[in-house]
Amino acid sequence: MNQKIKVGVLGATGMVGQRYIKLLENHPWFEVSYVAASPRSAGKLYKDAVQNRWLIGENIPEGVQNLTVEDANIAEKALGKCQFVFSALEMGKDEIKALEASYAQNGIPVVSNASANRWTEDVPMLIPEINYSHLDVIAEQKKHHGWDKGFIAVKPNCSLQTYMMPLFALQEAGYPVKRMIVTTLQATSGAGYPGVPSFDMVDNIVPYIGGEEEKTEKECLKILGKVKDGKIENASSPVVSSTCTRVPVIDGHTACVSLEFDLPEDKKPSLEEIERVWTSFKSVPQDLNLPSAPVHPIVVRHEENRPQPRRDRETEKGMACVIGRLRKCNVFDVKFVALSHNTKRGAALGGILNAELLKAKGFFDNL
């Protein structure tokens with residue numbers, strides 16, 4: 001690619017917005033040319049808007065430091081300054097939904113990290129290795145709204161990244177899953193900044209995250225669904241029961257998973273077969289050699305005490321699902337522990353991979 005696509009970041013001063021800006025530094029396809037945030041940051045240089053609250057731990061990219069922050073509430077400000085935007089907005093769902101639609105209405109595609117449009121029937125909720133075919137719904141979305149160039153695509157909740165790829169890989173290999181029990185141990189960074197008070201988190205586990213269990217149990221059904229009549233029709237299985245907890249880990253969501261196959265006993269896969277399916281799994285992002293795609297989307301470890309967030313979250317640059325402790329389950333069929341990097345695969349870098357897929361499939365060609 002000779003010329004990089006100019007992109008904007010909405011919610012650029014927040015934790016996820018900052019992560020987008022850092023991860024896009026030196027990206028081979030995209031270049032940040034526009035930053036927008038709340039009215040209180042508008043008019044400031046980006047380096048001044050995030051002064052004393054740059055959270056990523058490295059320097060602000062030079063190409064972004066002196067960009068003027070615009071008011072994210074005014075979509076027209078982005079016209080002529082970027083070709084599409086990453087949405088890391090932090091406001092009410094109704095406000096986000098209206099604002100993302102405003103950008104799309106103005107001909108600016110939105111690749112969103114926000115949850116507001118995850119349940120919109122004609123908006124794809126993408127994990128590129130799994131439901132790349134859901135991109136087909138974008139044509140109907142544009143037609144429905146009368147949008148010419150603009151559209152909206154979103155990524156799912158970060159905690160799903162811990163188990164969706166291994167689940168999908170088994171389904172694709174002919175081993176459908178009937179039921180799952182999932183217990184997540186979610187990092188504090190998943191709560192954003194300033195996040196959970198230290199008094200609640202140090203020497204403690206919080207056994208409740210508002211709305212998280214509903215997302216864990218339901219979003220997977222849309223991801224595994226099919227495009228039908230211009231909408232995404234949810235899958236009917238697996239049935240998922242989840243418990244979501246917050247633990248004193250900075251980055252890296254862990255999930256303890258037990259699953260039951262929807263197969264006769266003599267057709268269920270062995271542990272060796274399950275591992276073969278996982279370690280050989282590749283999909284469209286790997287076939288297209290997308291810049292942020294992991295070479296090995298699923299990595300299996302055999303140590304008794306792995307995966308661990310501090311040791312394994314950066315596997316494949318934070319884009320792999322790392323699995324360990326695969327074993328028989330006394331209640332269901334098998335159980336395992338899985339880990340993913342919630343602020344990379346589960347947030348900004350997952351959003352960037354979505355944008356790379358959209359680019360590779362031609363959705364940005366006429367911008």
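Helices (H or I, at least four residues) and strands (E, at least two) are DSSP runs, numbered from the N terminus. Keep that handy for the exercises below. The model is predicted, so local features need pLDDT of at least 70 and side-chain atom pairs count only at pLDDT 80 or more, while totals for chains, interfaces and linings use all residues. Residues are numbered from 1 along each chain as its sequence is written, and side-chain values use heavy atoms, with hydrogens and water left out.

**Exercise 1: cis peptide bonds**

Task: Find which residues the cis peptide bonds join, and where Pro 194 and Pro 307 sit.

Solution:
- Step 1. Here's the background: most residues other than glycine have a negative phi, and most peptide bonds are trans.
- Step 2. Tyr 193 and Pro 194 are joined by a cis peptide bond, with omega about 5°. Pro 194 is in the loop between E7 and helix H8 (198–201).
- Step 3. Arg 306 and Pro 307 are also joined by a cis peptide bond, with omega about 10°. Pro 307 belongs to the loop between E12 and helix H12 (309–312).

**Exercise 2: positive phi**

Task: For Asn 26 and Lys 317, work out where each one sits and whether it is buried or exposed.

Solution:
- Step 1. Get the cut-offs straight: buried means under 20% relative accessible area, exposed over 50%, and partly exposed in between (1.4 Å probe, protein chains only).
- Step 2. Asn 26 isn't a glycine, yet its phi is positive, about 65°. You'll find Asn 26 in the loop between H1 and strand E2 (30–37). With a relative accessible area of 68%, Asn 26 is exposed.
- Step 3. Lys 317 isn't a glycine either, and its phi is about 60°. Look for Lys 317 in the loop between H12 and strand E13 (321–328). Lys 317 has a relative accessible area of 69%, so it counts as exposed.

**Exercise 3: two loop residues**

Task: Describe the surroundings of Val 247 and His 296.

Solution:
- Step 1. Contact means heavy atoms within 4.5 Å.
- Step 2. Val 247 lies in the loop between E10 and strand E11 (253–261). Its relative accessible area is 7%, so Val 247 is buried.
- Step 3. Not counting residues up to four places away in sequence, Val 247 touches Leu 185, Gln 186, Ala 187, Thr 188, Met 201 and Ile 205. Val 247 and Asp 203 are 44 residues apart along the chain, and their C-alpha atoms are separated by 9.3 Å.
- Step 4. His 296 is in the loop between helix H11 (284–287) and strand E12 (298–300). At 37% relative accessible area, His 296 is partly exposed.
- Step 5. Leave aside neighbours within four places in sequence, and His 296 is in contact with Lys 282, Glu 316 and Ala 320.

**Exercise 4: checking helix H9**

Task: What should the 12 residues of helix H9 (residues 212–223) span, and what does H9 pack against?

Solution:
- Step 1. The expected span of a helix is 1.5 Å times one less than its number of residues.
- Step 2. For H9 that gives 16 Å, and its end C-alpha atoms are 16 Å apart, which agrees.
- Step 3. The buried residues of H9 are Glu 212, Thr 216, Glu 219, Cys 220, Leu 221, Lys 222 and Ile 223.
- Step 4. Those residues pack against helix H5 (128–131), helix H7 (164–172), strand E7 (177–186), strand E9 (231–233) and strand E10 (239–246).

**Exercise 5: the nonpolar core**

Task: Which residues of the largest nonpolar core touch the most other members?

Solution:
- Step 1. A nonpolar core is a set of buried Ala, Val, Leu, Ile, Met, Phe, Trp, Tyr and Cys residues joined through side-chain atoms within 4.5 Å.
- Step 2. The largest one has 56 residues, of which Tyr 103, Met 164, Met 180 and Trp 278 touch the most other members. H7 gives the most to this core, with six residues.
- Step 3. Zoom in on Met 164: not counting residues up to four places away in sequence, Met 164 touches Ile 127, Ile 130, Cys 220, Ile 223 and Leu 224.
- Step 4. Another core, of 42 residues, lies apart from the largest one, and its members include Phe 86, Ala 153, Met 319 and Leu 357.
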